Amino acid sequence: GFWHGANWTFIVWGFLNALYFLPLLLSKRNRNHLNVVAQNHLLPSFKEFLSMLFTFLLTVVAWVFFRAETITHAFSYLEDMFSSALFSLPIIRPTDIMILVVVFMVLEWIGRRQQYAIEILLQRKPRFIRWSFYMVLTALVLVFSNETPQEFIYFQF
């Protein structure tokens with residue numbers, strides 16, 4: 001947390017990351033889950049799915065503190081996240097965003113055994129097809145991205 005700046009939000013972010021990781025490290029279980037999820041199966045088991053969901057939730061909560069301007073802002077944001085709004089659809093083009101999210105999740109899942117998710121999909125395809133695919137993905141990101149430009153997060157440090 002200290003590395004990222006003199007703000008309590010970064011200290012809390014670092015503390016949460018340590019809090020998540022230290023129990024596994026101290027119990028020497030930090031290297032137990034290095035295998036590919038759903039190895040030789042199309043879908044993860046229920047336990048694997050819950051583990052992925054829980055890890056994602058913990059990561060999202062920690063990153064709120066990383067991006068928040070103040071501790072109060074972070075807790076306010078978390079309160080809004082876990083309000084009844086959690087169960088409502090977003091207002092901004094939900095169909096478009098969901099399509100993009102599903103496309104990238106499927107790509108990640110298919111390529112989960114490789115270092116890079118799309119590596120397996122195109123490794124034996126001609127260069128023209130690979131580059132066409134990359135251009136389509138880039139175009140999708142640009143089409144579905146936010147219209148207002150945002151500063152890269154590390155420019156603030």
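Student: Helices are DSSP runs of H or I with at least four residues, numbered from the N terminus. Where is Asn 40 found?

Tutor: In this predicted model, Asn 40 sits in the loop between H1 and H2.

Student: What about phi of Asn 40?

Tutor: Phi is near 65° there, a positive value in a residue other than glycine.

Student: Is Asn 40 buried or exposed?

Tutor: Exposed. Its relative accessibility is 65%, and the cut-off for exposed is over 50%.

Student: Which place does Lys 28 have?

Tutor: Lys 28 is also in the loop between H1 and H2. Its phi is positive at about 55°, although Lys 28 is not a glycine. The relative accessible area of Lys 28 is 71%, so this residue counts as exposed.

Student: Back up a bit. How many helices and strands does the protein have?

Tutor: Six helices and zero strands. Along the sequence the pattern reads α-α-α-α-α-α.

Student: How many of the 157 residues count as buried, in %?

Tutor: The buried share is 15% of the 157 residues. On contacts, of those with a separation of 6 or more, 57% join residues 24 or more positions apart.

Student: Pockets next. How much space lies in the largest pocket?

Tutor: About 1,400 Å³. There are 37 lining residues, and those closest to the centre are Val 37, Glu 48, Ser 51, Met 52 and Thr 55.

Student: Which helices each supply at least two residues of that lining?

Tutor: H1 (8-26), H2 (46-67) and H4 (94-110). H2 gives the most, with 12 residues.

Student: How do the residues of that lining divide into nonpolar, polar and charged?

Tutor: The lining of the largest pocket has 21 nonpolar, 11 polar and five charged residues.

Student: And what volume has the second largest pocket?

Tutor: About 520 Å³. H2 and H3 (71-81) each supply at least two of its lining residues, and H2 gives the most, with five.

Student: Which residues line the second largest pocket?

Tutor: From the 50s and 60 come Leu 53, Phe 54, Phe 56, Leu 57 and Val 60; further along are Tyr 77, Asp 80, Met 81, Phe 82 and Leu 86. By class, nine are nonpolar, none is polar and one is charged.

Student: H2 keeps turning up. What does H2 reach from its first C-alpha to its last?

Tutor: H2 reaches 31 Å over 22 residues, close to the 32 Å expected at 1.5 Å a residue.

Student: Which residues of H2 are buried?

Tutor: Val 61, Ala 62, Val 64, Phe 65 and Phe 66. Those buried residues pack against H1 and H3.

Student: Which residues make up the largest nonpolar core?

Tutor: It has 11 residues: Phe 10, Trp 13, Leu 16, Val 61, Ala 62, Val 64, Phe 65, Phe 66, Ala 68, Ala 74 and Leu 78. H1, H2 and H3 are the elements that give two or more residues to this core, and H2 gives the most, with five. As a general point, nonpolar side chains tend to be buried together in soluble globular proteins.

Student: Last one. What does Ala 68 touch, not counting residues up to four places away in sequence?

Tutor: With those neighbours in sequence left out, Ala 68 touches Thr 9, His 73 and Ala 74. Ala 74 is in the largest nonpolar core, as is Ala 68.

Key:
Residues are numbered from 1 along each chain as its sequence is written. This is a predicted model: local features need pLDDT of at least 70, side-chain atom pairs count only at pLDDT 80 or more; totals for chains, interfaces and linings use all residues. Side-chain values use heavy atoms; hydrogens and water are left out. On a 1 Å grid over the protein atoms alone, a cavity is a set of points where a 1.4 Å probe fits but cannot get out, and a pocket is an open set with protein on both sides within 12 Å along at least five of seven lines; lining residues have an atom within 4 Å of a point. Grid points are joined across faces, edges and corners, and a volume is the space filled by probe spheres set on the points. Ala, Val, Leu, Ile, Met, Phe, Trp, Tyr, Cys and Pro count as nonpolar, Asp, Glu, Lys and Arg as charged, and the others, Gly among them, as polar. The expected span of a helix is 1.5 Å times one less than its number of residues. Buried means under 20% relative accessible area, exposed over 50%, partly exposed in between (1.4 Å probe, protein chains only). Contact means heavy atoms within 4.5 Å. A nonpolar core is a set of buried Ala, Val, Leu, Ile, Met, Phe, Trp, Tyr and Cys residues joined through side-chain atoms within 4.5 Å.
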